[in-house]
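Trainee: Please show me the model, and then we can go through its charged pairs.

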Amino acid sequence: MNFEGFIGGSATPLSKTINTERTVNLYTEQDPGTPKTPASLIMRPALVPWTYIAPGPVRALFMADGQQSGRMFGVSGGYFYEIAQSRNVTTLGQVETDANPATISTNGSGGNQLFITSGGLGYIYNLSTGVFEQILDAEFLTPTAMGMYFETYFLNLQRGTNTFQLSAILDGLSWNGLYTGQCSLTSDQKFAMALTARTLMFAGA
């Protein structure tokens with residue numbers, strides 16, 4: 001039976017006494033070639049959860065490449081996880097938390113390490129041995145805003161400053177207080193860094 005005006009999109013004006021129609025997960029498809037059914041409501045494609053890492057929020061995701069290709073890692077809440085292709089989730093360690101995103105980077109097959117920053121602290125996960133540990137080197141600058149990998153070194157950006165630091169070659173557990181640099185063109189505090197075409201770039205405010 002054809003109900004004139006029944007099939008349509010959402011119509012939710014400010015006043016609910018006028019109209020409260022709302023179409024959820026459906027879209028209207030017109031069919032001018034069939035007079036009896038001028039329009040139909042079609043289900044729209046939806047997303048299906050692939051896996052779940054508690055307790056949330058998810059603050060970093062990272063997919064390894066090279067010899068570790070296919071291994072996926074994440075930071076959710078105060079925990080560091082590995083997410084297998086089978087969708088199984090393994091807790092690898094506990095990290096400090098704050099309101100900022102976490103970061104994950106790797107030095108590849110040269111060092112087989114992941115460098116994780118979270119809550120102003122740094123951590124290393126050994127991809128070969130499965131050992132997860134906090135960076136306790138006294139010369140590691142904290143609080144850290146984020147980390148990344150560049151030309152055999154891990155980089156550590158110190159939060160609230162314009163100072164960045166390099167690790168030892170292919171070793172994120174060893175840091176030298178002399179291996180530091182500062183952005184000298186501007187005096188604002190740097191909150192992020194990025195690598196593009198082998199050029200290190202900083203964002204400040």
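Mentor: A salt bridge here is a side-chain nitrogen of Lys or Arg within 4 Å of a carboxyl oxygen of Asp or Glu. This is a predicted model, in which local features need pLDDT of at least 70 and side-chain atom pairs count only at pLDDT 80 or more, while totals for chains, interfaces and linings use all residues. Residues are numbered from 1 along each chain as its sequence is written, and side-chain values use heavy atoms, with hydrogens and water left out.

Trainee: Which residues are linked with Arg-59 in a network of salt bridges?

Mentor: Asp-98 pairs with Arg-59, with the closest N and O atoms 3.6 Å apart. Asp-98 also pairs with Arg-159, at 3.2 Å. The network's other members besides Arg-59 are therefore Asp-98 and Arg-159.

Trainee: How many residues apart in sequence are the parts that Asp-98 and Arg-159 tie together?

Mentor: Asp-98 forms a salt bridge with Arg-159. Asp-98 lies in the loop between β6 and β7, and Arg-159 in the loop between β12 (153–158) and β13 (163–168). Strands are DSSP runs (E, at least two residues), numbered from the N terminus. The pair thus ties together parts whose separation in sequence is 61 residues.

Trainee: Is Arg-59 buried or exposed?

Mentor: Buried means under 20% relative accessible area, exposed over 50%, and partly exposed in between (1.4 Å probe, protein chains only). Asp-98, at 27%, is partly exposed. Arg-59 has 11% relative accessibility, so Arg-59 counts as buried.

Terms used:
Helix = DSSP H or I, 4+ residues; strand = E, 2+ residues; numbered from the N terminus.
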